[in-house]
Amino acid sequence: MAKTRAPSRTTKAAAFVQDSTKKGGVAETFGAGGELHQMSGGDVATLTTQQGIPVADDQNSLKQGPRGPTLLEDFHFREKIFHFDHERIPERVVHARGYAAHGFFECTAPLTDVTRADLLQRKGERVPAFVRFSTVAGSKGSPDLARDVRGFAVKLYTKEGNWDIVGNNIPVFFIQDAIKFPDLIHAAKPEPDRDFPQAQTAHDNFWDFISLTPESMHMVMWIMSDRTIPRSLRFMEGFGVHTFRLVNAKGKSTFVKFHWKPKLGLQSVAWNEAVKINGADPDFHRRDLWNAIQSGNFPEWELGVQLFDDAFAEKFDFDVLDPTKLIPEELVPVKIVGRLVLDRMPDNFFAETEQVAFCTQNIVPGVDFSNDPLLQGRNFSYLDTQIKRLGGPNFTHIPINAPKCPYAHFQQDGHMAMKNPVGRANYEPNSWGAEGGPRENPARGFTSFAEEADGPKARVRSETFSDHYSQARQFFISQTGIEQTHIANALVFELSKVEREGIRGRLVSHLRNIDADLAATVADGLGLPLPAAAKAARAPITDLPASDALSIVNNGPDSFKGRKIGILMTDGADAELFAGLTAACDKEGTDYEVIAPKIGGVVLSDKQKLPAKQKIDGGPSVLYDAVVLLVSEKGAALLAKDAPTKDFINDAFAHCKFIGYSAAAKVLFQAAGVRDKTDDGFVALKDDRDGAKFIKACRALRFWDRESAVDADAKQ
Ligand code: HDE
């Protein structure tokens, strides 16, 4: 018989149904009479219908006799199937694949003279935050390591309402006017007649559109760089992209660009690695974020602002309202004003990550928009999209979207209304006095910066938006040689997937306005004669200085913290070497996984049994930042004929990873064909102190010197 006990928020059972009508969105259990039920066989709640009616049998539908027809009166069955039929909501048109986490934002350097935004007034002030990372082009089930821009959307639950900074991991965008967005996205998404390729820009439609849209050339440099294949969501920068305004208590406005800088430094994977990761672990980025947060390694970013005034905007070479341009950090330094820490995964993916509704229009007093025509268009699009996606105007009632500060208004009714105004007055002005509900507050309320506007009504693009190549060139020359090679390789790869030769040539004609060597390398890689340079609306500035901040390699962490080593082991592996290596990992804050011939694990030289995390073919080296082969002679002899082991070594070698090894592993190098190619990226582990030596080498993240030996396209 079922027994009852008092409800508790801490029991596991209590967490599985959420009541969104509870204040603050706190998880509460529905149960008959608010009680949890203990069923035989464990401490679990009684299954109920959505109406709270206890269910006696969830295995069989109600029938007229054991072999008779199912009865319409089975309300539990009908409700269950009906709800299942409606489980999917329309996925986001863009940024469908995403992953999010909770955390907080803390003000570390108040900006009181620049903005009245409440969250930037007091040092140490914290507000809750929810951050959703995403890819853009792929659908919800697409792999994490698609070559794509990453969304970096931050919701800050401030004391004066929700502030959404809906940014990307790249500081510029493809287009200058929101009216081109549907065309850009149509071109990037699977082609409409065949519905492929999924989550890839390597197809005719995308490059056709891009090659006809010179304003996208700066973005092309960024998306063909390794920025679009990040190693982890934790190792990415975020950018607000547009110029915004900060407005102080006196109404003075300062222009601002927002930056999120990852504490763990920047890092990307190699393209060949990305392709293989997508097969080995399509959830690579999700799993990485989940594991980091669940194990208490909370990722952190600094919020930086580039502040500038009208005088700077006037003399800057480009228009600060043009979202295809950035402001080099050397010209306007990034001032750090806060930190963002992600320390908790959502309780439920759908309720939070899927239903979160970011809107660029969500800004707080002290922040304002600029006239960037892309931002102006976005301010319409996001609200509209949320209404369609979440089914009505009350998506703000969903706990993840509701503000966490007090709020009061007269908006009412509609689909799924959870919180209607209470009392008699649902309008204003009214004469009901204190009972008449909320009133406007000119002192505290949001006011727009009083910018003057004039000029004729016209569909125009400002002349100041017409330089499309100068910053593309500046980005390219700011890259290290390795990164420049990767950009050229990516362009050749993508354009080689394009079937119409004219599109390939047209794109190369733009590259000629960016960098002569790049254009020549790509034309050669495509087997194309070098086309004439595209006609430029404005002659490019060719002497903009390189900016170190734009390179990933120049902004590495010089630490192996937060990275992961794959240790391939066999029975009989040296216990002391393993202890030395893992102690060095712990000291550095490096994670590791044991990979073995069998998931049951291995027995070390001291007879200690060590469980494995991966079987060799389930743990290819592409899943790790560096690898170690800790094998016994007998184990190595067995693995020497194992293809996944040889792939493990070959890929680690080809992806320029540091490779640690015990003496017996040389047989495996021989088998994999890299024995004669060992270089300084190989670190022999002879005693327990060599683990630390290996980790120290790994701080460079990759042994790039090897690249010219493994890639015919690499710069020699
Ligand atoms: Fe978005 N974008 N976007 N976008 N965007 C959406 O909103 C749109 C743009 C960005 O994790 C949609 O809720 C237009 C730039 C992120 O939920 C939609 C234009 C930047 C996310 C939409 C842009 C972004 C979105 C689709 C051109 C970087 C995911 C679903 C004017 C600064 C947010 C949704 C999340 C999502 C429209 C351009 C970032 C359709 C019209 C530029 C991070 O409303």
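This report describes the ligand site, a helix pair, the salt bridges and some backbone features of one structure. The model is predicted, and the values below are computed from its atoms.

**The ligand and its iron atom**

The iron atom of the ligand has a single protein donor, the OH of Tyr382, which stands at 1.8 Å. Tyrosine 382 belongs to helix 9, which covers residues 373-390. In all, 22 residues surround the ligand, and those that come nearest are Arg92, Arg132, Arg378, Tyr382 and Gln386. The make-up of this shell is mixed, with 11 nonpolar, eight polar and three charged residues.

Three side chains whose polar atoms approach the ligand are set out in the table, together with the kind of ligand atom that each one faces.

| Residue | Ligand atom | Distance |
|---|---|---|
| Arginine 92 | oxygen | 2.8 Å |
| Histidine 95 | nitrogen | 3.4 Å |
| Serine 381 | oxygen | 3.1 Å |

Two or more residues of the shell come from each of strand 5 (150-158), strand 6 (161-168) and helix 9. Which element gives the largest share of the shell around the ligand? That share is the six residues of helix 9, the helix in which the iron donor tyrosine 382 also lies.

**The contact of helix 2 with helix 3**

Helix 2 (residues 181-188) and helix 3 (residues 204-211) have axes that come within 7 Å of each other and cross at roughly 145°. On the side of helix 2 the contact involves Asp183, Leu184, Ala187 and Ala188, and these meet Asn205, Phe206, Phe209 and Ile210 of helix 3. Six of the residues in this contact are nonpolar, while one is polar and one is charged.

The loop between these two helices holds proline 197, and the peptide bond that leads from phenylalanine 196 to proline 197 is cis, with omega near 5°.

**Salt bridges**

Side chains of opposite charge can pair when their charged atoms come close. The structure holds 38 salt bridges, and one of them joins the side chains of arginine 126 and glutamate 106, with an N to O distance of 2.8 Å. This pair links distant parts of the chain, since arginine 126 lies in strand 4 (residues 126-135) and glutamate 106 in strand 3 (residues 98-107), with their positions 20 residues apart in the numbering.

**The loop between helix 9 and helix 10**

Two backbone features fall in the loop that runs from helix 9 to helix 10 (470-477), and proline 429 is found there. The peptide bond from glutamate 428 to proline 429 is cis, with omega near 10°. Methionine 416 has its place in that loop as well, and its phi is near 60°, which is a positive value in a residue other than glycine.

Taken together, helix 9 carries tyrosine 382 and gives six residues to the shell around the ligand, and the loop that lies between helix 9 and helix 10 contains both proline 429 and methionine 416.

Conventions:
Residues are numbered from 1 along each chain as its sequence is written. This is a predicted model: local features need pLDDT of at least 70, side-chain atom pairs count only at pLDDT 80 or more; totals for chains, interfaces and linings use all residues. Side-chain values use heavy atoms; hydrogens and water are left out. Axes are lines fitted to C-alpha atoms, for helices over the stretch in contact, and angles run from 0 to 180 degrees between N-to-C directions. Helices (H or I, at least four residues) and strands (E, at least two) are DSSP runs, numbered from the N terminus. Contact means heavy atoms within 4.5 Å. Ala, Val, Leu, Ile, Met, Phe, Trp, Tyr, Cys and Pro count as nonpolar, Asp, Glu, Lys and Arg as charged, and the others, Gly among them, as polar. Donors are N, O and S atoms within 2.8 Å of the metal (3.2 Å for Na, K and Ca); water is not among the atoms, so sites may look incomplete. A residue is near a molecule or strand if one of its heavy atoms lies within 4 Å of it. A polar contact is a pair of N or O atoms within 3.5 Å; within protein, one must be able to donate a hydrogen and the other to accept it, and residues adjacent in sequence count only if both atoms are side-chain atoms. A salt bridge is a side-chain nitrogen of Lys or Arg within 4 Å of a carboxyl oxygen of Asp or Glu.
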